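This briefing is intended for a reader who has the sequence and the coordinates at hand. Please consult both while reading the points below.

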Amino acid sequence: MKTAFLFSGQGDQYPGMGKDLYDQYEIVQKTFEQASNVLNYDMAELCFTENEQLDLTEYTQPAILTVSVAFLRLLKEKGIQPDAAAGLSLGEYSALVASQALSFETAVDLVARRGKYMAEAAPSGVGKMVAVMNMPADTIEKACQQASEYGIVSPANYNTPKQIVIGGEEKAVDYALDLLSQAGARRMIPLNVSGPFHTKLLEPASKQLKEVLKETTFNEMQIPVVSNTTAKVMKQDEIKHLLELQVKSPVRFYESVATLKELGIERIIEVGPGKTINGFMKKIDKSIKTDRVSDLKTLQATEETI
């Protein structure tokens with residue numbers, strides 16, 4: 001059965017994530033130690049204790065990447081290998097590690113910088129993001145286009161055909177919501193997020209990231225990675241440009257799942273601290289078998305199904 005690993009994104013973090021597998025497996029401990037050495041702070045302390053830093057973007061991103069790659073390495077150690085990979089926003093970097101395009105040390109340094117640039121470009125309290133439920137994508141896109149006269153607003157996450165997140169400057173987002181309400185939208189849920197990511201407000205972060213990516217070495221990918229930005233398989237010579245675009249472009253998740261299916265994927269394993277992707281998969285395509293590895297219990301359950 002062809003299997004894809006799909007990696008957690010920002011928002012799935014919680015104090016204690018990864019601890020039971022850290023306590024049990026040396027490969028998980030080594031991954032945390034590597035991250036600590038690169039970043040010069042204690043990754044285990046960040047992930048396992050109650051603290052305010054874990055929810056700050058510049059710390060959240062390397063923390064989730066570390067947990068995800070630790071679980072990836074554990075799965076590979078157990079002989080469970082992916083035939084393809086993808087990730088939800090930040091998770092795309094874990095997918096590139098899974099493909100061997102990026103070393104873990106390079107990736108954890110890169111996402112720490114990415115998180116810092118994103119936090120600076122869209123500080124907490126700037127703009128807003130709202131999940132719009134059960135509305136056609138073209139209706140949402142049209143409302144955002146009309147509301148753009150009031151500021152930046154656009155779709156940020158095409159999560160499922162029935163859940164699309166819009167984001168941007170508050171006034172413009174509110175006007176788009178009014179238009180959508182007039183068009184028949186009944187459920188519009190404000191999200192408690194750090195900032196309106198994947199919109200043009202992140203242009204400064206995109207420019208800073210571009211400079212870092214110029215100096216970053218990417219190896220030949222060993223398995224296909226599906227891009228958030230295009231929902232197509234990344235080409236080797238496009239990786240840097242796509243990662244630069246990704247922070248300010250919408251995440252095309254449900255289209256990415258369709259691409260994985262075209263590749264012959266029959267099973268996905270969500271790898272990382274969360275279960276968000278499993279939730280989306282139930283709304284996107286129930287014919288694809290879904291498992292996850294987020295702790296010892298889910299690892300054991302997944303091993304039993306392989």
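The following points concern a predicted model and are grouped by topic.

The model contains an open sheet of five strands with mixed pairing. A search of the whole structure finds twelve salt bridges, several of which are described here by residue. The surface carries a positive patch that includes R187 and a nonpolar patch that includes V193.

**Sheet architecture**

- The five strands of the open sheet follow the order β6-β3-β5-β4-β7, and their pairing is mixed. Strands β6 and β7 (251-252) form the edges, each of them pairing on one side only.
- Strands of a sheet pair through backbone hydrogen bonds, in either a parallel or an antiparallel sense.
- Strand β3 comprises residues 128-133 and is mostly covered, with five of its six residues buried.
- Strands β3 and β5 (residues 163-168) run antiparallel and are joined by six bridges. Among the facing pairs, K128 has G168 of β5 as its bridge partner, and M129 stands opposite G167 in β5.
- Strands β3 and β6 also pair in the antiparallel sense, over four bridges. In this pairing, V132 of the chain stands opposite M188 in β6.

**Salt bridge between β3 and α8**

- K128, which is paired with G168 in the sheet, also forms a salt bridge with D174, the closest N and O atoms being 2.7 Å apart. This pair links distant parts of the chain, since D174 belongs to helix α8 (residues 170-182) and K128 to strand β3, 46 residues apart.
- Both partners fall in the partly exposed class: D174 has a relative accessibility of 28%, and K128 has a relative accessible area of 22%. The value for K128 does not fall under the 20% cut-off for a buried residue, so K128 counts as partly exposed.

**Salt bridge within α6**

- R113 and D109 meet through their side chains in a salt bridge, with an N to O distance of 3.1 Å.
- The two residues lie four positions apart in helix α6 (residues 104-121) and are therefore separated by about one helical turn.
- R113 is partly exposed at 36% relative accessibility, and D109 is partly exposed at 29%.

**Salt-bridge network**

- R267, K289 and D291 are linked in a network of salt bridges. Within this network, the side chains of K289 and D291 meet at 3.9 Å, N to O.
- K289 is partly exposed, with 32% relative accessibility, whereas D291 is buried, with a relative accessible area of 9%. The value for D291 is under the 20% cut-off, which means that the residue is classed as buried.

**Surface patches**

- R187, K275, K282, K283 and K286 form a positive patch on the surface. R187 is placed in strand β6 (residues 187-190) and is partly exposed at 46% relative accessibility. Strand β6 is one of the edge strands of the sheet.
- A nonpolar surface patch is formed by I189, L191 and V193, which together have about 200 Å² of accessible area. V193 is located in the loop between β6 and α9 (203-214) and is partly exposed, with a relative accessible area of 40%.

**Individual residues and separations**

- T57 lies in helix α4 (residues 57-77) and is buried, with a relative accessible area of 5%. T57 and R114 are 57 residues apart in sequence, and their C-alpha atoms are 8.9 Å apart in space.
- E262 is placed in helix α11 (residues 253-262) and is exposed, with a relative accessible area of 68%. The value for E262 is over the 50% cut-off, so the residue is classed as exposed.
- E262 and C47 are 215 residues apart in sequence and 36 Å apart in space, C-alpha to C-alpha.

Definitions and conventions
Residues are numbered from 1 along each chain as its sequence is written. This is a predicted model: local features need pLDDT of at least 70, side-chain atom pairs count only at pLDDT 80 or more; totals for chains, interfaces and linings use all residues. Side-chain values use heavy atoms; hydrogens and water are left out. Patches are made of residues with over 30% relative accessible area and no salt bridge: like charges are joined within 9 Å, nonpolar side chains (Val, Leu, Ile, Met, Phe, Trp, Tyr) within 5 Å. Accessible areas come from the Shrake-Rupley method with a 1.4 Å probe; for residues, only the protein chains shown count as cover. A salt bridge is a side-chain nitrogen of Lys or Arg within 4 Å of a carboxyl oxygen of Asp or Glu. Lys and Arg count as positive and Asp and Glu as negative; His and the chain ends are not counted. The place of a charge is taken as NZ of Lys, CZ of Arg, CG of Asp or CD of Glu. Buried means under 20% relative accessible area, exposed over 50%, partly exposed in between (1.4 Å probe, protein chains only). Two strands pair if DSSP finds at least two bridges between them.
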